2 protein chains.
Amino acid sequence: MSGEPTGRSGRRPGNSGARSAILEAARKLFGANGFDRTSIRAVAGAAGVDPALVHHYFGTKRQLFAAVIELPIDPEVVLRVLDAVPLDELGATMVRTLVTLWDSELGSSAVAVLRTLVAGTEPELARSFFVEVALQRVRGRIATATDDGSGRVALVASQMLGVLTARKVIALEPLASMPVAAVVAAVGPTVQRYLTGDLG
Amino acid sequence: MSGEPTGRSGRRPGNSGARSAILEAARKLFGANGFDRTSIRAVAGAAGVDPALVHHYFGTKRQLFAAVIELPIDPEVVLRVLDAVPLDELGATMVRTLVTLWDSELGSSAVAVLRTLVAGTEPELARSFFVEVALQRVRGRIATATDDGSGRVALVASQMLGVLTARKVIALEPLASMPVAAVVAAVGPTVQRYLTGDLG
């Protein structure tokens, strides 16, 4: 453990320098090498701090990544919901969970994240988010001996990105005001087919 | 006809002032009132030029709108393709036509348009583009006595926006390198269901 104070991270009393250095190092390394090939130890080294301090401020590597791209919640929260449902309910559950999240007070942050991703200044961060963080566990669930599922989850990402853009950014009616249940009824079967259906 | 010179619009010899004034007036009026409620006459009035000069420089109102949002091609070109196919081939044709366009040398312009729309500084222009320009004629084709089709075409827009974002902006593999035919096989049935299928 370094000599940094602990137990006060909620207020960041005078430690914003170390926090910023960690975030900046993490942004650089995640951006250059992706999520999987970046370690907490490497981030700590680049920031000139002890790895324990990175954990202290940011928690897990996934939570650090979420902080870097300014995700409003730990992706683990959504991933656990998706882990828990049967495969044939995954499409509807994904749509219901994400649209409900975007409609909540966290929605404006989701739009901000989308804008960052689409602005394209850090495309590798965006790809890492989808391939190694957001979609990885779902891909693992649907993978077979002949299909690693990566095309399927990319198609899912395309549909969910589009719902976020049309509903929350452009506010395209009547999709923008459609009740969540109607969005699930319309889009859920699309996502389910991408995950487990015949793609021709 | 005003006293403006004609036949030299390709080089804009000293007329960039009038062109810019027209574009600026059009951006303001389309943004405030949408496509349908903006006339060439009103744009000309706001720009202080003769309506004939607007037609001379920009062609139809749809072409003027395309210039305002910097569309790389006249949307009429795509709309005519879609007008010509049977209803049950519309999904596959839309996906094939748009993805082929985005993969062409015009693709970077499409990404630029998407960035403008998603940046959200002019959301009314974005909504107008989808509701009154891009989707209007397709909506008319699928409308019935009990469903004006607006929810259906908004869902189509969501899927196509998402493909553009995932394939061309984020370059999410393997979707980014997927042959057009494979994208059509995967996404065509989604778009077809949104247009004419059971939405639950």
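Student: Why does Leu125(B) count as buried?
Tutor: Leu125(B) counts as buried because it has 20 C-beta neighbours inside 10 Å (buried is 20 or more other C-beta atoms within 10 Å, exposed 12 or fewer, partly exposed in between, with C-beta atoms placed from the backbone). This is a predicted model, in which local features need pLDDT of at least 70 and side-chain atom pairs pLDDT 80 or more, while totals for chains, interfaces and linings use all residues. Residues are numbered from 1 along each chain as its sequence is written, and chains are lettered from A, ligands numbered from 1, in the order written.

Student: Okay, and which helix is Leu125(B) in?
Tutor: Leu125(B) belongs to helix 8 of chain B, which covers residues 123–134 (helices are DSSP runs of H or I, at least four residues, and strands of E, at least two, numbered from the N terminus).

Student: What does Leu125(B) touch?
Tutor: If we leave out residues up to four places away in sequence, Leu125(B) touches Phe30(B), Gly31(B) and Ile69(B) (contact is C-beta atoms within 7 Å). Val68(B) is 57 residues from Leu125(B) along the chain, and the C-alpha atoms of the two are separated by 9.1 Å.

Student: Switching topic, how many residues are in the largest nonpolar core?
Tutor: The largest nonpolar core has 124 residues, and those with the most contacts inside it are Ile22 and Ala157 of chain A together with Ile22(B) and Ala157(B) (a core is buried Ala, Val, Leu, Ile, Met, Phe, Trp, Tyr and Cys joined through C-beta atoms within 7 Å).

Student: What is Ala157(A) in contact with?
Tutor: Setting aside neighbours within four places in sequence, Ala157(A) is in contact with Phe130(A) and Leu135(A) in chain A, and also with Ala166(B) and Leu172(B) in chain B.

Student: So how many residues does each chain put into the contact?
Tutor: Chain A and chain B put in 34 residues each. On the side of chain A that touches chain B, helices 7 (107–119), 8 (123–134), 10 (150–169) and 11 (180–196) each supply at least two residues, and helix 10 of chain A gives the most, with 13 residues.

Student: And what rotation puts chain A on chain B?
Tutor: A rotation of 180°, with 0.0 Å of shift along its axis, superposes chain A on chain B at an RMSD of 0.0 Å, which is the relation of a two-fold axis. In chain A, the C-alpha nearest that axis belongs to Gly162(A), 1.9 Å away from it. Both copies use the same surface, since 100% of the contact residues of chain A recur in chain B.

Definitions and conventions: Two residues are in contact if their C-beta atoms, placed from the backbone, lie within 7 Å. Copies are superposed by least squares on the C-alpha atoms of residues with pLDDT of at least 70 in both.
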